[in-house]
Amino acid sequence: MLNGFNHLTLAVSRLAESIEFYHQVLGFKLDARWARGAYLSLGDLWLCLSVDQVAAGDLQRNYTHYAFSIRQADFAEFAQRLREHGVGLWKQDSSEGDSLYFLDPDGHQLEAHVGDLHSRLAACRVKPYAGMEFFD
């Protein structure tokens with residue numbers, strides 16, 4: 001049976017630029033690299049970057065994205081770091097907890113989010129989404 005999240009693999013077109021983005025800009029630990037890939041980590045998250053064909057049209061613009069946790073105390077500094085590196089944004093935040101929705105060099109949709117499932121559910125109990133049900 002499944003027992004947790006194992007790893008995230010992202011297809012990238014420019015390995016060196018992607019390693020720099022995830023390691024230098026976002027602060028992932030670079031664990032290994034090879035000619036066509038790299039392994040990085042962030043807490044318990046294992047990220048694999050794998051060189052492959054990546055076209056902007058293949059990354060459909062919907063709400064599918066990968067979110068990383070960030071402390072409220074670090075949020076403003078992180079947002080400033082992304083601005084300094086010219087990182088593009090793909091959505092404006094409108095939910096509970098501060099969020100910054102940004103793109104990696106290949107256009108993968110990412111998010112830095114303050115809060116967790118507990119804080120989200122607490123906010124939803126105060127102002128539920130249309131048709132929302134809670135199961136305790």
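**Stop 1: helix α1**

Start by selecting α1, which spans residues 15-25, in this predicted model. Show the side chains of L15, S18, I19, F21, Y22 and V25: these residues of α1 are buried. Now step past the end of the helix. G27 follows α1, and its phi is positive, near 90°.

**Stop 2: the nonpolar core**

Keep Y22 on screen and add L26, L49 and F102. These four have the most contacts inside the largest nonpolar core, a set of 28 residues. Which elements give two or more residues to this core? Select β1 (8-12), α1 (15-25), β3 (37-42), β4 (45-51), α2 (72-84), β7 (99-103) and β8 (109-113), and you have them. The helix from the previous stop deserves another look here, for α1 provides the largest share of the core, five residues.

**Stop 3: the largest pocket**

Next, turn on a surface view if your viewer has one. Rolling a probe the size of a water molecule over the atoms shows where empty space is left. The largest pocket holds about 280 Å³ of space. To see its walls, select L26, F28, L42, F68, S69, I70, R71, D74, E77, F78, R81 and A112. You have already met L26, one of the residues with the most contacts inside the core.

Colour the selection by element, and two elements stand out as giving two or more residues to this lining: β5 (66-69) and α2. Which of the elements gives the most? That is α2, with four residues. Colouring by class instead gives seven nonpolar, one polar and four charged residues around this pocket.

**Stop 4: the second largest pocket**

Now move to the second largest pocket, with about 190 Å³ of space. Its lining is E17, E20, F21, V25, H85, G86, V87, G88, L103, D104 and P105. Here α1 comes back into view, giving the most to the lining with four residues. F21 and V25, both in this lining, are also among the buried residues of α1. By class, the lining divides into five nonpolar, three polar and three charged residues.

**Stop 5: the salt bridges**

For the last part of the tour, show the charged side chains. How many salt bridges does a search of the whole structure find? The search finds four, and three of them can be visited here.

Begin with E17, which you saw in the lining of the second largest pocket. E17 pairs with R14 in a salt bridge, and their closest N and O atoms are 2.6 Å apart. Is R14 buried or partly exposed? R14 is partly exposed, with a relative accessible area of 37%, and E17 is also partly exposed, at 38%.

Stay on R14 and add D106. Their side chains meet in another salt bridge, at 3.9 Å from N to O. R14 sits in the loop between β1 and α1, while D106 sits in the loop between β7 and β8, so this pair ties together parts that are 92 residues apart in sequence. Unlike its partner, D106 is buried, with a relative accessible area of 9%, against 37% for R14. Select R14, E17 and D106 together to see a network of linked salt bridges.

Finish at K29 and D31, whose side chains meet in a salt bridge of 2.6 Å, N to O. D31 is partly exposed, with a relative accessible area of 38%.

Terms used
Residues are numbered from 1 along each chain as its sequence is written. This is a predicted model: local features need pLDDT of at least 70, side-chain atom pairs count only at pLDDT 80 or more; totals for chains, interfaces and linings use all residues. Side-chain values use heavy atoms; hydrogens and water are left out. A nonpolar core is a set of buried Ala, Val, Leu, Ile, Met, Phe, Trp, Tyr and Cys residues joined through side-chain atoms within 4.5 Å. Buried means under 20% relative accessible area, exposed over 50%, partly exposed in between (1.4 Å probe, protein chains only). On a 1 Å grid over the protein atoms alone, a cavity is a set of points where a 1.4 Å probe fits but cannot get out, and a pocket is an open set with protein on both sides within 12 Å along at least five of seven lines; lining residues have an atom within 4 Å of a point. Grid points are joined across faces, edges and corners, and a volume is the space filled by probe spheres set on the points. Ala, Val, Leu, Ile, Met, Phe, Trp, Tyr, Cys and Pro count as nonpolar, Asp, Glu, Lys and Arg as charged, and the others, Gly among them, as polar.
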